[in-house]
Amino acid sequence: MSNNGSIPAEELFKNGNQESLEALAAKQKRKKRWLVVQPKSLTALRTDSGHISIPLNMMMVASVASTMFDVDFIDERIGDELPADLSRYDVLAITARTLNVTKAYQIGDKAVSQGVKVILGGVHPTMMPEEAKAHCTTVVYGEIESIWEELARDILNDKMKPMYKSGELKSMTKMRQANFKFAESSPNYKKYSNLVPILATKGCPVGCSFCTTPTIYGKNFRMREVDYVIEEIKYHQNRLGKEKVSFSFMDDNICFKPNFFNELMDAMTGMGVTWNANISMNFLERPGVPELASASGCDMFSIGFESLDPDTIKQVHKGSNFHAHYEEVIKNVQKQKIAIQGYFMFGFDTDKPASFQATYDFIMQNKIEFPVFAITTPFPGTPWYDEMRPRLRHTDWEKYDTYHSVYEPKILSSEELIKNFIKIQQEVYSWRSIYKRMQGKSLNWVWFVNVAMHFFSKRLRPEMFI
Ligand code: B12
Ligand code: SF4
């Protein structure tokens with residue numbers, strides 16, 4: 001495989017249509033020009049500040065598109081500026097999650113008015129295609145890889161359809177890596193976090209009602225070939241000129257095929273890298289998993305505890321969390337010097353003021369290294385959204401960022417929710433609590449995150465969450 005990160009078209013899209021696509025491309029008078037855009041959310045609180053992760057979604061879109069077209073890349077979150085005149089591009093490809101879709105629509109409207117073809121993709125347009133259609137020429141449902149041949153052919157023929165949705169998901173086994181030259185080309189590249197995004201699997205069969213993954217990808221779980229993941233790790237080691245690269249797996253939940261997980265861990269052992277990934281609590285109960293992960297360089301697992309109330313866990317269909325085993329599992333992970341990024345959500349109908357104290361106690365007793373808090377947010381397209389719909393205060397999408405209270409919970413008032421939501425963050429990240437949780441642990445980036453979170457939490461005020 002080439003180590004320059006490019007994705008050879010013949011590798012990515014090997015099937016009967018390949019020749020005609022290339023022949024079509026060869027007939028073009030000039031290569032069409034794409035601008036791929038990652039918009040900045042209008043209400044960035046924590047989500048788009050600090051060290052921003054390199055957007056693998058747009059890197060994949062740019063890499064796939066560059067097999068046929070000339071591609072420029074702009075990430076507004078790091079300060080890249082959109083040109084006022086977009087008419088020199090044939091296609092503007094914009095990604096949007098719910099929190100930045102309002103900005104994505106503004107950019108889409110502007111480009112359409114300048115005669116540019118606009119493609120909107122990503123989680124939000126996938127969930128709300130009818131809404132998105134008003135701000136673009138074309139909506140893409142789900143991942144670009146699965147609809148690429150049809151979309152590319154239609155662009156080459158100047159016959160784009162309003163919507164592309166693949167009947168089936170493309171196999172991931174031979175999925176190549178994204179070309180990071182697109183991120184590197186930005187003058188603001190240094191604003192990206194040092195953690196390199198990488199992908200080994202896609203999908204998650206758990207099926208939590210607040211998550212978009214089951215709606216978009218069903219209960220599918222797809223994997224790349226381990227060799228491809230390893231080649232990608234080497235590509236980044238070459239690109240960055242060092243062995244000790246830190247990776248962040250973008251996988252929804254990396255652990256669903258134990259044999260694959262074991263094979264990947266074995267192959268990564270000895271490469272000198274560090275990594276973190278989302279993982280399920282019940283998988284960590286398997287003997288040997290933390291040991292294997294640690295040997296291959298894992299320094300953090302991100303775990304969705306969500307709520308410590310078993311009734312809430314049942315209500316949101318999170319079948320992967322068994323409260324009774326938490327302490328033992330956490331101890332086993334920490335024994336291997338793997339930190340835990342614990343996700344906790346507040347604002348469920350079952351939450352009471354006492355839920356905050358119970359969560360604080362749990363975090364302190366178990367010395368959770370990197371607690372992250374979110375206000376429950378019903379994202380459109382999820383079963384949770386349908387349930388909450390009659391109670392939503394508004395659909396100002398930029399406030400659907402897990403830091404705004406968008407509906408009134410049953411027991412807590414919004415004021416109580418926000419007051420306690422701020423309080424728990426300030427308490428967990430007070431110097432005293434940081435010291436208690438982090439004492440004796442390796443002085444790595446997780447320590448520095450705690451310091452950053454201390455200053456972040458001190459700035460929180462109730463009016464920021466409304
Ligand atoms: C890893 C991850 C993160 C990482 C990295 C985020 C990043 N910079 O990309 C971290 C931990 C930092 C993070 C943070 C957040 N995340 Co997050 N995250 C994910 C996760 C698990 C995977 C994303 C990923 O990179 N996948 C791999 C890439 C290659 O796939 P992809 O993103 O799906 O992109 C493909 C397609 O969507 C499509 N596509 C995308 N854009 C476009 C554009 C065009 C034009 C086309 C044609 C196609 C196309 O093609 C792409 C390539 O295959 C997703 C779940 C999911 N499966 O989407 C949640 C998810 C995106 N996160 C979510 C949330 C809520 C957040 C936070 C708000 C959480 C918080 N409170 O901090 C922040 C917001 C950050 C931000 N500014 O967007 C929600 C968003 C819901 C929504 N409706 O918007 C998701 C969907 C999870 C969920 N609850 O359902 N996240
Ligand atoms: S376990 Fe995580 S990725 Fe899987 S459905 Fe639940 S929230 Fe989504």
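1. Around ligand 2 stand the residues Cys204, Val206, Gly207, Cys208, Cys211, Thr213, Pro214, Asp252, Asn253, Gly304, Lys318 and Ser320. Sorted by the character of their side chains, the residues of this shell comprise five nonpolar, five polar and two charged. Please keep in mind, here and in every point below, that the model is a predicted one.

2. One open sheet is built from six strands in the order E7-E10-E11-E12-E13-E14, and the pairing in it is parallel. Its edge strands are E7, residues 196–198, and E14, residues 370–375, each of which pairs on one side only. On average, and with direction ignored, neighbouring strands of this sheet are turned by 20 degrees against each other.

3. Within that sheet, strand E10 (residues 246–249) is joined by three bridges to strand E11 (residues 274–278), and the two run parallel; Ser246 stands opposite Thr274 in E11. To pass from E10 to E11 the chain goes through helix H11 (residues 258–268), and this β-α-β crossover is right-handed.

4. Following the sheet onward, E11 is joined by four bridges to strand E12 (residues 298–306), again in a parallel run, and the bridge partner of Trp275 in E12 is Cys298.

5. Strand E13 (residues 339–346) pairs with E14 in the parallel sense over six bridges, and in this pair Phe346 stands opposite Ile375 of E14. Helix H18 (residues 414–428) packs on the sheet and touches both E13 and E14, while its direction makes about 170 degrees with that of E14.

6. Six strands also form an open sheet in the order E2-E1-E3-E4-E5-E6, where the pairing is parallel. Strand E2 (70–75) and strand E6 (163–165) stand at the edges with a single partner strand each, and therefore one side of each is left without a neighbour in the sheet. In this sheet, too, neighbouring strands are turned against each other by 20 degrees on average, direction ignored.

7. At the E6 edge, strand E5 (residues 138–141) and E6 run parallel and are joined by three bridges, with Tyr164 in E6 as the bridge partner of Val140. Helix H3 (residues 56–65) packs on this sheet, touching strand E1 (33–38), E2 and strand E3 (91–95), and its direction makes about 175 degrees with that of E1.

8. When looking along any of these strands, a reader may find one general point helpful: in a regular strand the side chains alternate between the two faces of the sheet.

Technical notes:
Residues numbered from 1 in each chain as written. Chains lettered and ligands numbered in written order. Predicted model: local features only at pLDDT ≥ 70, side-chain atom pairs only at ≥ 80, totals over all residues. Pairing = 2+ DSSP bridges. Axes fitted to C-alpha atoms, helices over the stretch in contact; angles between N-to-C directions. Contact = placed C-beta atoms within 7 Å. Near = placed C-beta within 6 Å. Nonpolar A, V, L, I, M, F, W, Y, C, P; charged D, E, K, R; others polar. Right-handed = clockwise from strand over helix to strand, strands pointing away.
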